[in-house]
Amino acid sequence: PSVSKLHRTGYHFQPIRNWINDPNGPMYYKGVYHLFYQYNPKGAVWGNIVWGHSVSKDLINWKQLQPALYPSKPFDKYGCWSGSATILPGQGPVILYTGVVDKRSNEVQCLAIPANASDPFLTKWVKPDRLNPIVIADHSMNGSVFRDPTTAWLGKDGHWRMLIGGKKKDSGLAYLYRSKDFVKWIRAKHPIHSAKTTGMWECPDFYPVSLNGKNGLDASMTGNSVKHVLKNSLDMTRYEYYTIGTYLQNKDKYIPDNTSEDGWGGLRYDYGNFYASKSFFDPSKNRRIIWGWANESDSKEDDVKKGWAGIQAIPRTVWLDSGGRQLRQWPVEELNTLRGKKVEIGNQKLKKGDYVEVKGITAAQADVEVTLSFSSLDKAEEFDPRWVNAEDLCALKGSNVQGGVGPFGLLTLASQKLEEYTPVFFRIFKASNKHVILMCSDARSSSSNIELYKPSFAGFVDVDLANNMKLSLRSLIDHSVVESFGAGGKTNILSRVYPKLAVKEKAHLFVFNNGNEQITVENLKAWSMKSARRN
Ligand code: DQQ
């Protein structure tokens, strides 16, 4: 098969061809899930941006429709950029999106409504001339860094609110707008929040999470039983970070808890390739779901050759961890319908240097869940407090650098003789009064192709090992994707990789240990994954 076929995904979302980036306006409406996305109908590189549109009954199998929004008006002549959907009670959905008005990329906010709100597929959208654009930057603002309206929420006063990402000097900020009728929007005096030195905030997302359990909440929910999440995508490095905090509705201010950094070193949904994410509330299953875009890490020329670029990560259910200090995420349960042949390993000991192959599944298109335990942390290596950057630490202490407790985990997309492999693993260090757990997804050994971006993605994992000496890992392997969830979705890493040897039936999966402490594979389940329909 040609290169284009070798790395195309089997069950991650991607359109039939061409470029995609940000997920836009996800929603559930009249029994149908809608996903829109930044899409170039003319090629496999960014440009000519329209809103591609696909629909699904289960978030996994998709049907591609005609683009929903494309430049057709003076206010969106140079592109229909990112935005969100809000379902107005008793009326139907409204899309708010960014229109680009000139070549210098001056941006305004626009509104679109379905031509026929009783059509569950919402195939046709109109942009009423008498209403648009609904928001323009005023003189005190820079109109070329002013975009990506959020889903709106309704305040107790009956007025709608929404956020728009922006920048002032080098601070990132989210402007707050209010409206009585969803048409006339007025900017509040203060942004809902801002943070110094973070640069432009793209694709802000703001939503409540429950303090009591995994259930998702409608965007308008407030009160004592909720916290709020503010997520921003940082243009300067293509990383996102989020904080958990309190939304003071009477002041329309958001105050982050000081349990994590409000800036570059903050918490991330994903410590790998995952950007411009957006969440929505799914009332049919009472959950909040996050979509995120994973771009290619091969070259532009490769993308043109392939005829496609960009995928969406598997939609993830998101909720507040019981400690209240971070979120957790897990692939939507519908993904399990693609699970086919299953193999299992139980109670397997792994001594230092052991590599055990997981045989009998399609290792290039698979879902693996594993729990690994150890009986002591005595052998853990000393943690150097200067190791603040997880990615650098992963580069220093790769899967083949022997350790004390760990490295242990999976070798995904491995060639038979291990010329190529993408390891996903843990390594445990001893710090002054606690343990530090590093999780890595290291693409450096993923391919013999040298013209690729092969980062050693990594994050720290906040788990107390004192009375529970085990760690779990789930990896969704899909030809050019390894999407991993550590410790039940506390630390997650998506990597894009392009093996040359470890492709199709030549790909293998191993579980390994390269530390002095013996590891037990308590339980490993791996499934061959069927392909999703994405016609
Ligand atoms: N992508 C869109 C913008 C957004 C950026 C343009 C984030 O609206 O800020 O394609 O990837």
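**Notebook: domains, ligand shell and one sheet**

I began with the record: an unreviewed UniProt entry lists residues 12–331 as "domain: Glycosyl hydrolase family 32 N-terminal". I note at the outset that the model I am reading is predicted.

Entry 1, the annotated spans. For residues 12–331 I looked up the distance between the end C-alpha atoms, which is 11 Å. I recorded this span as 2% helix and 49% strand. I then turned to the second annotation, "domain: Glycosyl hydrolase family 32 C-terminal", which the unreviewed UniProt entry places at residues 334–528. Here the end C-alpha atoms lie 15 Å apart, and the span is 4% helix and 50% strand.

Entry 2, the domain division. I next consulted the domain assignment, which divides the protein into domain 1 (17–333) and domain 2 (339–529). Between the C-alpha centres of domain 1 and domain 2 I noted 32 Å. How many residues of each domain are in contact with the other? I found 21 residues on the side of domain 1 and 23 residues on that of domain 2. Strand E25 (residues 327–331) gives the largest share of the side of domain 1 that touches domain 2, namely four residues. Sorted by class, that side of domain 1 has nine nonpolar, six polar and six charged residues.

Entry 3, the ligand. I looked up the residues that surround the ligand and recorded 13. The closest are Gln38, Trp81, Ser82, Glu202 and Ala276. Which strands each supply at least two residues of this shell? I listed strand E1 (18–29), strand E5 (80–88), strand E16 (201–210) and strand E20 (275–282). By class, I entered five nonpolar, four polar and four charged residues for the shell.

Entry 4, the sheet containing E1. Having met strand E1 in the ligand shell, I followed it into its sheet. I found an open sheet of five strands in the order E4-E3-E2-E1-E22, and its pairing is mixed. Why is one side of strand E4 (63–69) and of strand E22 (308–309) left without a neighbour in the sheet? Both strands stand at the edges and have a single partner strand each, so one side of each has no neighbour there. Within the sheet I examined the pairing of E1 with strand E2 (residues 32–40), which is antiparallel and runs over seven bridges. I also noted the position of Tyr28, which stands opposite Tyr33 in E2.

Methods. Residues numbered from 1 in each chain as written. Predicted model: local features only at pLDDT ≥ 70, side-chain atom pairs only at ≥ 80, totals over all residues. Near = placed C-beta within 6 Å. Nonpolar A, V, L, I, M, F, W, Y, C, P; charged D, E, K, R; others polar. UniProt positions renumbered as here; feature names shortened; annotations may be inferred. Domains from an automatic or database assignment. Contact = placed C-beta atoms within 7 Å. Pairing = 2+ DSSP bridges.
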